[in-house]
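Me: Hey, I've got a new structure to look at and could use a hand. Mind walking me through it?

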Amino acid sequence: MPLKQEMNAWTHYWSKAPAMSRGCLPGLPEVAANHLQEIWRQFFASLPLGARLLDLGTGGGAVLVEAQAFRSDLLLTGVDYAAVLPELDKTITLHPGTRLENLPFDDGSFEVITSQFAIEYTNISAAIQEVDRVLTFAGSYLFICHHADGVIVRDNLPRLKAIRETLSPAGLLYTAIQAVRQRKKFTPETWQRLARIFTATQLKHPDQSLVKELADDIARIMAGPDSLEKLLALRQAVEMEGQRIMALKKAVLTENRARILAEALSSKQQPAHLEIVHVPGVSAPFAWRISNRPRMAPPAEINTT
Ligand SMILES: C[S@@+](CC[C@H](N)C(=O)[O-])C[C@H]1O[C@@H](n2cnc3c(N)ncnc32)[C@H](O)[C@@H]1O
C-alpha cells in the first residue's frame with residue numbers, strides 16, 4: 001500500500017479518536033492491557049532520573065501517558081507521521097507529520113527510546129539507523145511489536161474480510177450509496193435488497209459485529225437527512241480501517257523478522273533481548289518484546305507479617 005495512503009489512514013483514525021481512547025487497540029481485553037502496563041512500568045522504573053524519552057509512532061500517546069503517570073520526572077517526546085494527533089498534557093512534546101525514518105533530532109538527543117506497535121510498520125533498517133543516531137551511547141530502548149501469530153492479528157484478519165465484502169460492488173455500502181444516488185432510498189425494493197445483502201453477509205461472517213453495526217448505521221443514515229454525504233463518510237471510515245488492518249498484516253513480525261530486527265539493534269556492548277510476550281492465561285503469543293534491558297523476573301513476594 002502506498003505510504004501516503006497509510007499516513008492518511010492513521011491521520012483519519014487519530015483525528016476521530018475520542019480524547020480518552022489513548023491506544024490504537026480500543027477493544028484490548030483488560031488482562032492484556034494490564035500486562036502491557038506492567039511491562040512498561042518495569043522498564044520505566046529502571047530509567048535514570050529526568051531522562052529524555054522519545055516514543056516512536058506514538059499515536060494517541062499510550063506509552064507517554066503511562067510514562068507520565070508512573071515517572072513524572074521523565075522528559076517526554078512523541079513522534080508520528082499522522083498529521084493530526086490527539087492532544088496530550090502540555091508538558092509532552094509531540095511531533096506529528098514526522099517519519100520515523102527521518103527524525104528531526106540531533107545525534108544523542110535521548111537517553112530512552114520506546115515504541116509500542118509502531119516500529120514494525122516502518123522501513124525498519126532506516127528507522128533503526130535513526131534509533132542508533134538519536135539514542136545516547138548507553139541509552140535504553142524497549143519496543144513492543146506485533147507477533148505474526150498473535151491474537152491481535154488473528155482477530156483482525158477476519159474483520160478485514162468482512163470489511164472488503166461490505167465495500168464490494170454487491171456489498172451493503174455500495175448498494176446503499178447507489179440507491180441514494182438514484183433517489184430510490186425509500187422504495188420497498190431497496191430495503192428488501194439491503195436486507196438480503198445483510199443476511200448473506202452476516203451468514204458469511206457470523207463472528208463479525210461490524211456487519212450488524214454497519215447495517216444499523218446505514219439504516220439510520222438512510223432514514224435521515226444528508227444521506228449521501230453521511231454514507232460517503234461512513235464508507236471512507238470503513239475503507240480507512242481496512243487500510244490500517246492491511247498495514248498491520250504487512251507489519252507483523254514473524255520470528256525471522258523479529259530476529260533480524262533484534263540483531264540490527266544489537267551492539268557488542270549492548271545485545272538486544274528478544275522475547276515473546278504472553279498474556280497470562282492465553283496460549284497464543286501476544287507480542288514481541290525487544291530491548292537492551294532484559295526483563296526482570298517478577299519480584300519475590302515480601303512477607304511483612
Ligand atoms: C498501531 S499504531 C500504535 C500507536 C501507539 N504507539 C499505541 O500503542 O497506541 C501505529 C502508529 O505508528 C505510526 N506510524 C506507522 N509508520 C510510521 C512511520 N514510518 N513513521 C512515523 N509513524 C509511523 C502510525 O501513524 C500509528 O500512529
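Reply: Sure, we can go through the ligand, then the aromatic rings, then a couple of backbone angles. Keep in mind that this is a predicted model.

Me: Ok, ligand first. Which residues come nearest to the ligand?

Reply: There are 19 residues around the ligand, and W14, G57, D80, L100 and Q116 come nearest.

Me: What's the mix of nonpolar, polar and charged residues in that shell?

Reply: Nine are nonpolar, seven are polar and three are charged.

Me: And D80, how far is its side chain from an oxygen atom of the ligand?

Reply: An N or O atom in the D80 side chain is 2.5 Å from that ligand oxygen. On the nitrogen side, a polar side-chain atom of E101 is 3.1 Å from a nitrogen atom of the ligand. Y81 uses its backbone instead: an N or O atom there lies 3.1 Å from a ligand nitrogen.

Me: How much of the ligand's accessible area does the protein cover?

Reply: 99% of the 600 Å² that the ligand has on its own.

Me: Switching to aromatics. How many aromatic pairs are there?

Reply: The structure holds ten. Take W10 and W14: their ring centres are 6.2 Å apart and the planes are at 20 degrees, so they count as stacked.

Me: Where do W10 and W14 sit?

Reply: Both are in helix α1, residues 3–16, and they are four residues apart, about one turn of the helix. W10 is buried at 12% relative accessible area, and W14 is buried too, at 6%.

Me: Which residues do ring pairs link into a cluster with W14?

Reply: The cluster is made of W10, Y13, W14 and Y121. There's also R244, which lies over the face of W10, 5.8 Å from the ring centre.

Me: What about W40 and F44, how are their rings arranged?

Reply: They're stacked, because the centres are 5.7 Å apart and the planes are at 20 degrees. They sit in helix α2 (residues 30–45), four residues apart, or about one helical turn. Both W40 and F44 are buried.

Me: Last topic, backbone angles. What's the phi of F117?

Reply: It's near 50 degrees, a positive value in a residue other than glycine. F117 is in the loop between β4 (110–116) and α4 (124–134). D226 also isn't a glycine, and its phi is positive at about 55 degrees. That one is in the loop between α8 (209–223) and α9 (227–251).

Me: Is F117 buried or exposed? And D226?

Reply: F117 counts as buried because its relative accessibility is 5%. D226 is at 46%, so it counts as partly exposed.

How values were computed. Residues numbered from 1 in each chain as written. Predicted model: local features only at pLDDT ≥ 70, side-chain atom pairs only at ≥ 80, totals over all residues. Heavy atoms only, no water. Near = heavy atom within 4 Å. Polar contact = N/O pair within 3.5 Å; in protein donor to acceptor, adjacent residues only side chain to side chain. Areas by Shrake-Rupley, 256 points an atom, 1.4 Å probe, with all protein chains shown as cover. Nonpolar A, V, L, I, M, F, W, Y, C, P; charged D, E, K, R; others polar. Helix = DSSP H or I, 4+ residues; strand = E, 2+ residues; numbered from the N terminus. Buried < 20%, exposed > 50% of the residue type's maximum accessible area, 1.4 Å probe, protein only. Phe/Tyr/Trp six-rings, centres within 6.5 Å; stacked < 30°, edge-to-face > 60°. Lys NZ or Arg CZ within 6 Å of the ring centre and 35° of its normal.
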